[in-house]
Amino acid sequence: MQIKTPALPFGKTHPVFADNDITLSKQTDAFFRPDAEVVGAMFDLPDMATWSDPEVFHFGLVRFHRHVLAAIQPPWFQRVYTPDGAGLVKCGCQYLRDKVKEEGYRIARAGWCRHWHY
Ligand SMILES: [Zn+2]
């Protein structure tokens, strides 16, 4: 994957985290527009209802303002299971999302990408 610099108005302040199995398209352009501290792009998932909360992001394709990365303390990713261990309550992305929200940062979601392992 190659991202062209002109498409990254926030490129110097918002590092982009992209899985190595995503594909960008014209539908991804919106991902680079919101002026929020965290921005995630959507992609097809087995459970599309996960996108019903506008502050949900999944990796994928996510960018963070550098000051968010400095403020959030590890662990960043941790899966949370039901007490019996049989069910997943939070994926690693949502664990990080909750930490970002607790710190009061703005989360936006915009654009689509193709994520090939789903
Ligand atoms: Zn996730």
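These legends go with several close-up views of one predicted protein model.

**Figure 1. The whole chain, with two helices and eight strands.** Start here to get your bearings. Reading from the N terminus, the elements come in the order β-β-β-β-α-β-β-α-β-β. The C-alpha trace spans about 50 × 30 × 25 Å along its principal axes. For 118 residues, a compact globule would have a radius of gyration near 13 Å, and the 14 Å of this protein agrees with that. Buried residues account for 25% of the 118 residues. If you take contacts between residues at least 6 apart in sequence, 71% of them link residues at least 24 apart.

**Figure 2. An open sheet of four strands.** Which strands make up this sheet, and in what order? Going across, you meet β1-β4-β3-β7, and the pairing is mixed. The edges are β1 (16-18) and β7 (107-112), each of which pairs on one side only. From one strand to the next, the twist averages 20°. Now zoom in on the pairs. β1 and β4 are antiparallel and share three bridges, and in this part of the sheet Phe 17 has Val 62 of β4 as its bridge partner. β4 and β3 are antiparallel too, again over three bridges. β3 and β7, on the other hand, run parallel and are joined by four bridges.

**Figure 3. Strand β3, residues 38-42.** Is this strand mostly covered or mostly open? It's mostly covered, with five of its five residues buried. Val 38, Gly 40 and Met 42 point one way, while Val 39 and Ala 41 point the other way. You can also look sideways to the neighbouring strands. Val 38 sits opposite Phe 64 in β4. Over in β7, Val 39 has Ala 108 as its bridge partner, and Met 42 stands opposite Trp 112.

**Figure 4. Strand β4, residues 61-64, covered on both faces.** Leu 61 and Arg 63 are buried on one side of β4. Val 62 and Phe 64 are buried on the other. Two of these residues have already turned up as partners: Val 62 pairs with Phe 17, and Phe 64 lies opposite Val 38 in β3.

**Figure 5. The largest nonpolar core, with 18 residues.** In soluble globular proteins, nonpolar side chains tend to be buried together. Which residues of this core have the most contacts inside it? They are Val 38, Ala 41 and Val 62. The elements that supply two or more residues to the core are β3, β4 and α2. β3 gives the most, with four residues. Take a closer look around Ala 41. Leaving aside residues up to four places away in sequence, Ala 41 touches Thr 28, Phe 31, Gly 60 and Leu 61, as well as Ala 110, Gly 111, Trp 112 and Cys 113.

**Figure 6. Helix α2 (92-102) and its buried face.** Four residues to find in α2 are Gln 94, Leu 96, Arg 97 and Val 100, which are buried. Why do we say that the buried residues line one face of the helix? Looking down the axis of α2, they fall within an arc of 155°, so they line one face. An α-helix has 3.6 residues a turn, so residues three or four places apart point the same way. What do the buried residues of α2 pack against? Their neighbours are β3, α1 (66-71), β6 (88-90) and β7.

**Figure 7. Just past α2, with Gly 104 and Tyr 105.** After α2 comes Gly 104, which has a positive phi, near 85°. Tyr 105 is found in the loop between α2 and β7. Is Tyr 105 buried, partly exposed or exposed? It has 18 other C-beta atoms within 10 Å, and a buried residue needs 20 or more, while an exposed one has 12 or fewer. Tyr 105 is therefore partly exposed. Setting aside residues up to four places away in sequence, Tyr 105 touches Glu 37, Val 38, Val 68 and Val 100. Two of those names should ring a bell: Val 38 is one of the buried residues of β3, and Val 100 is one of the buried residues of α2. Finally, find Ala 36, which is 69 residues from Tyr 105 in sequence and 8.0 Å from Tyr 105 in space, C-alpha to C-alpha.

How values were computed
Residues numbered from 1 in each chain as written. Predicted model: local features only at pLDDT ≥ 70, side-chain atom pairs only at ≥ 80, totals over all residues. Rg over C-alpha atoms; globule rule 2.2 N^0.38 Å. Contact = placed C-beta atoms within 7 Å. Pairing = 2+ DSSP bridges. Axes fitted to C-alpha atoms, helices over the stretch in contact; angles between N-to-C directions. Core = buried A, V, L, I, M, F, W, Y, C linked by C-beta atoms within 7 Å. Arc of directions from axis to C-beta.
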